[in-house]
Amino acid sequence: MIVKQRKVPIVIRKLEALLRRLPPEHPKRPIISDHLARRMAGYKGELALDYHLKFLHKKNCHILHDLRLKDGDYFFQIDTLILSPSYILILEVKNISGTLVFDPNFTQLIRVSGEKEEGFPDPILQVERQGTQLQEWLSNHKLPKVPIERLVIISNPNTVIKNTLLKLDPATAKHVIHSANLPSKIKRYEKKHAIEQLNPQQLKKLSRKLVNSHIPDDPQILQKFQLSSKEILTGVVCPECFMLPMHRMNAKWVCTKCGSFSKDAHVAAIMDYKLLFGLLITNCQLRSFLHLPSISVSTRILQSMNLASTGTYRNRTYVMKIED
């Protein structure tokens with residue numbers, strides 16, 4: 001049973017909005033595009049795993065995707081967590097192509113693609129640390145101590161897994177598998193952990209506690225790439241030819257390039273504003289961002305959104321929400 005669904009990470013949505021709003025010639029576009037590509041690859045790898053998790057839905061286990069918990073002054077993130085009555089399983093998903101060489105001597109991962117070698121942090125060490133942090137988190141919250149297993153899932157079926165030793169390193173063999181091998185691996189865990197640690201009520205309580213303790217990652221994307229608001233293109237993007245800005249005429253948005261029109265093209269523009277600048281907005285800021293012709297037009301749009309607000313008429317600030 002899935003108790004926390006997998007969603008498109010907010011950082012991906014923010015990166016996409018940022019690329020829509022940066023000039024084509026902006027020098028940081030390649031860096032941001034590469035960052036988005038890597039994030040998308042990771043997310044697609046997690047989606048690829050979902051097929052193999054379907055076989056668990058009928059069993060007495062709870063599945064939580066994209067869980068981010070606070071451990072003291074720091075956060076730790078788990079791609080997928082599986083709770084069963086007898087053990088907990090942490091899954092760290094990697095969607096990396098080519099040949100992956102695990103180097104236990106230097107605790108690093110080397111990706112070999114053609115003649116190119118690229119180094120990555122050791123995901124085995126990463127998932128081991130997640131297990132330690134989760135165990136401490138459970139202890140700090142006075143929750144039952146349950147055996148924790150850890151796996152690194154290689155979601156690309158064509159990826160070759162190797163290590164630098166002459167014989168397969170036990171840690172690599174134990175902790176790293178292709179996603180197709182997950183069901184058989186789980187059967188081994190079920191045999192290994194045959195004694196029930198949590199009854200149905202305790203399992204439900206633990207699951208609910210984890211979900212309620214989740215703290216979403218919400219990066220300030222402009223700060224991350226050291227961009228100012230002046231570098232962001234404003235206006236409503238044409239949904240047909242992607243030109244901006246569209247012009248507001250007779251209660252419609254009109255594109256002067258392709259001639260198309262829309263009544264609600266501003267909705268996507270407001271979402272870009274939320275992702276880039278946050279959830280607080282004034283009438284003046286909306287009017288400026290959408291290139292609206294008058295205060296009355298921006299007021300009507302704000303009123304149609306049924307937003308909570310603070311402040312007086314002249315200094316009113318509206319509080320928006322990020323819809324799922």
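**Strands, sheets and helix packing in the predicted model**

In strand β4, the residues I88, I90, E92 and K94 point one way and L89, L91 and V93 point the other way, and all of them are buried. The structure described here is a predicted model. Strand β4 covers residues 88–94 and is mostly covered, with seven of its seven residues buried. The side chains directed to either side of β4 thus belong to buried residues, E92 and K94 among them.

Two pairings of β4 were identified. Strand β3, comprising residues 74–83, runs antiparallel to β4 and is joined to β4 by four bridges. Within this pairing, I82 stands opposite L89 of β4. The connection from β3 to β4 is a hairpin of four residues. Strand β8, which spans residues 148–154, pairs with β4 in the parallel sense, and seven bridges are found between β4 and β8. In this parallel pairing, the bridge partner of K94 is I154 in β8. Both senses of pairing are expected in principle, because strands of a sheet pair through backbone hydrogen bonds, either parallel or antiparallel.

A further open sheet contains four strands in the order β7-β6-β5-β9, and its pairing is mixed. The edges of this sheet are formed by β7 (116–121) and β9 (160–163); each has a single partner strand, so one side of each is left without a neighbour in the sheet. On average, neighbouring strands of the sheet are turned by 25° against each other when direction is ignored. Strand β6, residues 108–113, pairs with β7 in the antiparallel sense over six bridges. One of the pairs in this register joins Q108 to P121, the bridge partner that lies in β7.

An open sheet of three strands was also found, with the order β11-β12-β13 and antiparallel pairing. Here β11 (247–249) and β13 (261–262) occupy the edges, and each has a single partner strand, so one side of each lacks a neighbour in the sheet. Strand β12 consists of residues 252–254 and pairs with β13 in the antiparallel sense through two bridges. The bridge partner of V254 in β13 is F261.

Helix packing was examined next. Two packed helices are described by the angle between their axes and the distance between the axes. Helix α1, residues 10–20, and helix α2 have axes that come within 10 Å and cross at roughly 150°. Because angles over 145 degrees count as roughly antiparallel, α1 is roughly antiparallel to α2. The crossing in which α1 passes α2 is left-handed. On the α1 side, the contact is made by V11, I12, L15, E16, L18 and L19, which meet R29, I32, S33, H35, L36, R39, M40 and Y43 in α2. By class, the contact of α1 with α2 comprises nine nonpolar, two polar and three charged residues.

Two residues on the α2 side of this contact, H35 and L36, were considered individually. H35 is located in helix α2, which covers residues 29–53. With a relative accessibility of 14%, H35 counts as buried, because burial is assigned under 20% relative accessible area. When residues up to four places away in sequence are not counted, H35 touches L15, K224 and F225. L36 likewise lies in helix α2, and its relative accessibility of 12% places L36 among the buried residues. With residues up to four places away in sequence excluded, L36 touches I12, L15, E16 and L19. L15 is therefore a contact of H35 and of L36, given that contact means heavy atoms within 4.5 Å. The C-alpha atoms of L36 and V127 are separated by 23 Å, and these residues are 91 residues apart along the chain.

A second helix pair is formed by helix α9 (residues 283–290) and helix α10 (residues 295–304), which pack at an angle of about 105° with their axes 9 Å apart. This angle makes α9 roughly perpendicular to α10. In the contact, N283, L286, R287 and L290 of α9 meet I295, S298, T299, I301 and L302 of α10. The residues of the contact of α9 with α10 divide into five nonpolar, three polar and one charged.

Terms used: Residues numbered from 1 in each chain as written. Predicted model: local features only at pLDDT ≥ 70, side-chain atom pairs only at ≥ 80, totals over all residues. Heavy atoms only, no water. Pairing = 2+ DSSP bridges. Buried < 20%, exposed > 50% of the residue type's maximum accessible area, 1.4 Å probe, protein only. Axes fitted to C-alpha atoms, helices over the stretch in contact; angles between N-to-C directions. Parallel < 35°, antiparallel > 145°, perpendicular 65-115°, else oblique. Left-handed = near helix turned anticlockwise from the far one by under 90°. Nonpolar A, V, L, I, M, F, W, Y, C, P; charged D, E, K, R; others polar.
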